[in-house]
Amino acid sequence: MAKKYVLKLTAEERAELEQLVKKGKAAGWKLQRAQALLQCDQGPHGPGWTDAPVAAAYGCSTRSLESWRRQAVESGPSSLLQRKPRLTPPAPPKLDGEQQARLTAPACSQAPAGYARWTLRLLAERLVELEVVEAIAHETVRRALKKVT
């Protein structure tokens, strides 16, 4: 079966990948991809290996090689050597600056009657009572206070 995406590296792209591999001072996943692309090169200076031997030589699956080849043909081989930056954090922070200030105020004040000091759970309950947040875990309170102190 003919490959849908045939990788033909230019001299500059090949030199860049060879330099990365020769240097050896990069993350393992980058080196693995660079070496695999060099072996998959069907251009005039490339060895033109098929997917199965490349996968066996560099410890990846043929499916991975197919997707790497596709991306290299569509976006260029350097796109495989960079991680896509995350646009947003995985979860928004529970407390913003003003809410952290409203947490710090009771933490620095006198403890409630019957207690020697503020506990994390008491502070979490107090934030909910003051309607600073709808709900909050004591662990989130701990992390917020750790940043402050």
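Hi everyone, let me open with an absence: this structure holds zero aromatic pairs, where a pair would be rings of Phe, Tyr or Trp (its six-membered ring) with centres within 6.5 Å. What we have is a predicted model, in which local features need pLDDT of at least 70 and side-chain atom pairs count only at pLDDT 80 or more, while totals for chains, interfaces and linings use all residues. Residues are numbered from 1 along each chain as its sequence is written, and side-chain values use heavy atoms, with hydrogens and water left out.

One ring does have a partner of another kind. The charged end of Arg83 sits over the ring of Trp29, 4.0 Å from its centre; "over" here asks for NZ of Lys or CZ of Arg within 6 Å of the ring centre and within 35 degrees of the ring normal.

Now to the helices, which are DSSP runs of H or I with at least four residues, numbered from the N terminus. Let's take α1 (residues 11–23) and α2 (residues 28–40): their axes come within 9 Å and cross at roughly 135°. The axes are lines fitted to C-alpha atoms over the stretch in contact, with angles from 0 to 180 degrees between N-to-C directions. That makes α1 oblique to α2, as angles under 35 degrees count as roughly parallel, over 145 as roughly antiparallel, 65 to 115 as roughly perpendicular and the rest as oblique. The crossing is left-handed, meaning that the near helix is turned anticlockwise from the far one by less than a right angle, with clockwise for right-handed. On the α1 side, Arg14, Leu17, Glu18, Leu20 and Val21 meet α2 residues including Lys30, Leu31 and Ala34; contact means heavy atoms within 4.5 Å.

And how does α2 lie against α4 (residues 62–75), parallel or perpendicular? The two axes come within 11 Å and cross at roughly 80°, so α2 and α4 are roughly perpendicular to each other. Gln32, Arg33, Ala36, Leu37 and Cys40 in α2 meet Leu65, Trp68 and Ala72 in α4.

Leu81 ties in here, from the loop between α4 and α5. Leu81 is buried, with a relative accessible area of 11%; buried means under 20%, exposed over 50% and partly exposed in between, with a 1.4 Å probe and protein chains only. Leaving aside neighbours within four places in sequence, Leu81 is in contact with Leu17, Leu20, Trp29, Lys30, Arg33 and Ala34. Its C-alpha is 9.9 Å from that of Gln32, 49 residues apart along the chain.

Further along, the axes of α5 (97–108) and α6 (residues 120–129) come within 10 Å and cross at roughly 125°. That makes α5 oblique to α6, and the crossing is right-handed. Arg102, Leu103, Pro106 and Ala107 of α5 make the contact with Leu123, Arg126 and Leu127 of α6. The buried residues of α6 are Leu122, Leu123, Ala124 and Leu127.

In the loop between α5 and α6 we find Ala111, which counts as buried at 14% relative accessibility. Beyond four places in sequence, Ala111 is in contact with Ala116, Arg117 and Trp118. From Ala111 to Arg14, C-alpha to C-alpha, is 67 Å, with their positions 97 residues apart in sequence.

Last stop: which residue after α6 has a positive phi? That is Glu131, at about 60° although it is not a glycine. Glu131 lies in the loop between α6 and α7 (138–148), and is exposed, with a relative accessible area of 68%. Thanks, everyone!

Methods. Helices (H or I, at least four residues) and strands (E, at least two) are DSSP runs, numbered from the N terminus. Rings of Phe, Tyr and Trp (its six-membered ring) pair if their centres lie within 6.5 Å; planes under 30 degrees apart count as stacked, over 60 as edge-to-face and the rest as tilted.
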